[in-house]
Amino acid sequence: MTLDGKKRIVIENVEPEINGGEFPIKRICGDKVFVYADIYADGHDEVSALLMYRGPGDKEWLEMTMRPVGNDRWEGVFSVEDIGMYHYTIRGQIDHYLTWLHDLGKKIDAGVNIEVDLLIGPGHINSAASRAKGEEKKRLKEWAKAISRMKETKEILSLAGNDELMKLLQTYYDRDRATTCHREYSVSVDRKKALFSTWYELFPRSSGTGSQLHGTFKDCEALLPDIAGMGFDVMYLAPIHPIGKIKRKGKNNSTVAGKDDYGSPWAIGSDEGGHKSVSPLLGTIDDFEKLVRRAKDFNVEIAMDIAIQCAPDHPYVKKHGNWFTWRPDGTVQYAENPPKKYEDILPLNFESEEWYELWNELKEIFLFWIDKGIRIFRVDNPHTKPFPFWEWLIREIRSDYPEVIFLAEAFTRPKVMYRLAKTGFTQSYTYITWRNTKKEIIEYLTELTKTEVREYFRPNFWPNTPDILPEHLQNGGRPVFMIRYVIAATLSSNCGIYGPAFELCISDALPGREEYVDSEKYEIKKWDRNKPGNIRDFISRVNLARKENPALQLTNNLNFYVVDNDNILFFGKTSEDLSNIIIVAISLDPYNTQSGWVNVPVNEFGIEPDHPYMVHDLLSDEKYIWQGDRNYVELNPHKSPVHIFKVRKRMRNERDVDYFF
């Protein structure tokens with residue numbers, strides 16, 4: 001630390017920041033970044049502060065004046081308009097001119113002679129003029145002369161505090177005496193889909209129709225109108241690579257595969273290729289690229305699954321044997337998570353002496369598929385790979401392709417999940433799958449949306465996955481699938497489902513396990529997507545509500561409200577300008593009708609307590625006129641266990657007739 005006795009400003013407790021600035025906060029293009037800090041100095045001199053920031057294409061710092069908000073706390077704000085990395089810091093200084101101006105006002109009020117004081121202010125202005133150029137230099141000198149010639153005290157204060165003058169003084173302050181925060185902070189700015197997306201997961205091999213058993217990329221193309229029609233904008237494909245033949249798994253994870261078993265798509269690699277190949281049964285690379293292009297016609301993006309692991313016959317095993325862990329008996333260590341065993345999968349050894357070669361090859365996998373048009377990756381089990389690797393890889397990829405989105409599939413310890421988000425993952429799987437009671441849901445969402453976590457962890461809520469059939473989905477029938485989808489789709493702006501199994505309300509599980517019987521992970525399914533009892537239309541209406549209401553396209557605007565029934569969850573989301581207000585009531589009981597009195601925060605919504613307002617159920621299209629903050633709801637699980645209400649305020653037109661908008 002270099003000492004400089006002329007610098008007296010203290011800058012501390014900067015927010016937002018992650019790990020002291022080690023990691024960036026996350027924002028979306030068009031967001032405002034509000035920055036706070038404690039900024040103060042000794043004595044009674046006035047302080048001024050600047051928020052300094054620069055975007056991906058900026059060579060010089062841009063400056064915004066910060067404002068005091070009380071108790072030496074200061075606030076500044078800047079907008080992020082471009083995808084990429086922004087940086088910000090804070091500069092503070094003793095504002096000698098402002099100190100003079102405030103003291104001058106006190107002396108005038110006290111009737112003190114100010115003859116000498118009138119020489120001091122112009123001196124500060126001339127000092128700023130010495131650092132200015134051109135017309136602004138001239139203007140400052142004119143201000144200094146004008147103030148020094150003033151005789152009327154009221155006019156002096158008005159002239160000396162002129163907005164144009166104050167702005168010029170802020171521009172040409174003495175930078176040598178200013179104190180700059182000891183470090184820069186970062187903002188990782190993503191495209192909108194990072195914050196608002198609706199995922200549909202499917203197994204391409206199960207997309208076939210008619211007598212054809214094994215689906216293809218062309219069959220996936222045929223599903224695009226249906227999936228887009230349901231309101232999904234991401235089609236996420238289970239791994240599409242060649243599947244290992246050695247130790248291939250059979251149905252229900254059997255260690256013995258029959259001749260008609262195709263194995264798990266996550267057992268990647270065979271003599272047909274590895275991570276940069278596609279299974280010949282699905283088609284060709286050209287077919288895949290056509291699918292990616294065709295999806296765009298439906299405003300759908302294809303997301304790829306990247307699983308960093310290898311089948312025993314993956315080409316890497318022979319070519320790069322040092323990338324794997326070998327046991328004393330000469331065999332390669334397969335993946336284990338006792339009591340589970342994954343004999344068809346070999347984990348890579350990130351402590352290999354050839355780790356850097358391994359890292360670069362894995363980066364090449366992502367770049368290969370980016371070249372084929374992919375910009376969204378769901379990463380399998382990232383928590384089993386080193387944090388430094390992810391930080392390096394995501395930084396490397398996003399330096400050239402900042403629009404790429406990484407979803408971390410990490411159901412693991414909280415701190416590990418959060419660390420992955422800090423290292424750069426755009427979105428993250430969460431624990432919402434196992435949050436069932438009102439208390440659990442409120443506590444978890446409060447952690448995600450009201451604490452520091454909101455700055456770097458973007459949740460993506462999934463009610464099911466091919467690996468997870470939660471206990472509540474096994475027992476609650478069709479209503480619980482409706483309940484859990486609305487929980488996922490309204491509490492979080494990013495959500496997804498494991499396709500046909502969810503919309504068809506598949507609930508058959510292995511005894512005592514949260515796993516599907518006859519899991520699609522190990523066999524091809526022939527889905528009847530229109531089977532009676534499905535909730536496809538319900539899902540479509542929920543997704544349409546998300547698409548048409550900006551309030552549902554955010555996560556951190558969530559607020560929970562009071563309802564006098566612990567079986568009902570009641571919350572709301574609003575747009576910043578209150579032009580879009582959504583309130584949601586969800587029964588957590590899939591068996592019985594639940595009712596209660598909900599407390600609507602009408603004051604927060606800008607509604608007078610004695611004014612009626614309409615609540616329009618976006619799922620049933622029913623409309624109700626409510627008034628005040630206390631209103632009644634009743635939720636029948638066999639009709640609809642949820643309400644998604646759009647609040648419409650009362651207005652008057654030019655004919656003085658009431659209407660709701």
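Me: Let's start with one residue. Where is Ser519 placed?

Reply: Ser519 is in the loop between helix H15 (499-503) and helix H16 (536-548). Keep in mind that this is a predicted model.

Me: Okay, and is Ser519 buried or exposed?

Reply: Here you need the cut-off: a residue counts as buried under 20% relative accessible area. Ser519 has a relative accessible area of 7%, so it is buried.

Me: Which residues does Ser519 touch, leaving out those up to four places away in sequence?

Reply: Asn252, Pro466 and Lys525.

Me: Is there another loop residue I could try that on? Where does Ile374 sit?

Reply: Ile374 belongs to the loop between helix H9 (355-371) and strand S16 (376-380). Its relative accessibility is 0%, so Ile374 counts as buried. If you skip residues up to four places away in sequence, Ile374 touches Phe288, Val292, Ile302, Met304 and Trp369.

Me: How do I compare distance along the chain with distance in space? What separates Ile374 from Arg293?

Reply: Put the two numbers side by side. Ile374 and Arg293 are 81 residues apart along the chain, while 9.9 Å separates their C-alpha atoms. You can put the whole protein through a related count: among contacts between residues at least 6 apart in sequence, 74% join residues at least 24 apart.

Me: Now the strands. What should I look for in a sheet?

Reply: Strands of a sheet pair through backbone hydrogen bonds, and the pairing is either parallel or antiparallel. The protein has 28 strands, along with 16 helices. One open sheet has seven strands, in the order S18-S17-S16-S13-S12-S11-S19, with parallel pairing.

Me: Which strands stand at the edges of that sheet?

Reply: Strand S18 (427-428) and strand S19 (494-498). Each has a single partner strand, so one side of each is left without a neighbour in the sheet.

Me: Can we zoom in on one pair there? How many bridges join S12 and S13?

Reply: Four bridges, in the parallel sense, between strand S12 (residues 234-237) and strand S13 (residues 301-307). To anchor that on a residue, look at Leu237, which stands opposite Met304 in S13. You've met Met304 already, as one of the residues that Ile374 touches.

Me: And the antiparallel case? Which strands does S4 pair with?

Reply: Strand S4 (residues 47-54) runs antiparallel to strand S8 (residues 84-94), with eight bridges between them. In that pair, Val47 has Ile94 of S8 as its bridge partner. S4 is also antiparallel to strand S5 (residues 62-65), joined by four bridges. There, Met52 is matched with Glu63 in S5. S4 is mostly covered, too, with seven of its eight residues buried.

Me: How do I read a hairpin? What lies between S6 and S7?

Reply: Look at the pairing, then the turn. Strand S6 (residues 67-70) and strand S7 (residues 73-79) are antiparallel, with three bridges, and Gly70 stands opposite Arg73 in S7. Two residues lie between the strands of this hairpin, and Asn71 in the turn has a positive phi of about 55°.

Me: What's the general idea with phi and peptide bonds?

Reply: Most residues other than glycine have a negative phi, and most peptide bonds are trans. So it's worth flagging the cases that go the other way. Asn13, found in strand S1, has a positive phi of about 55° although it is not a glycine. Asn381 is another non-glycine residue with a positive phi, of about 50°. Asn381 is in the loop between S16 and helix H10 (387-400), and at 26% relative accessibility it counts as partly exposed.

Me: And which peptide bond is cis?

Reply: The one from Glu15 to Pro16, with omega near -5°. Pro16 is in the loop between strand S1 (10-15) and strand S2 (25-28).

Me: How many disulfides does the structure hold?

Reply: Zero. As for individual cysteines, Cys181 counts as buried at 7% relative accessibility, and Cys310 counts as buried at 0%.

Me: Let's step back to the whole protein. What box do the C-alpha atoms fill?

Reply: Roughly 100 × 70 × 40 Å, along the principal axes. Of the 661 residues, 54% are buried. The protein exposes about 30,300 Å², with 49% of that supplied by carbon and sulfur atoms.

Me: And the charges: how far apart are the mean positions of the positive and negative ones?

Reply: 2 Å, for 87 positive and 99 negative charges.

Conventions: Residues numbered from 1 in each chain as written. Predicted model: local features only at pLDDT ≥ 70, side-chain atom pairs only at ≥ 80, totals over all residues. Heavy atoms only, no water. Buried < 20%, exposed > 50% of the residue type's maximum accessible area, 1.4 Å probe, protein only. Contact = heavy atoms within 4.5 Å. Areas by Shrake-Rupley, 256 points an atom, 1.4 Å probe, with all protein chains shown as cover. Lys, Arg positive; Asp, Glu negative; His and termini not counted. Charge placed at Lys NZ, Arg CZ, Asp CG, Glu CD. Pairing = 2+ DSSP bridges. Disulfide = S-S within 2.5 Å.
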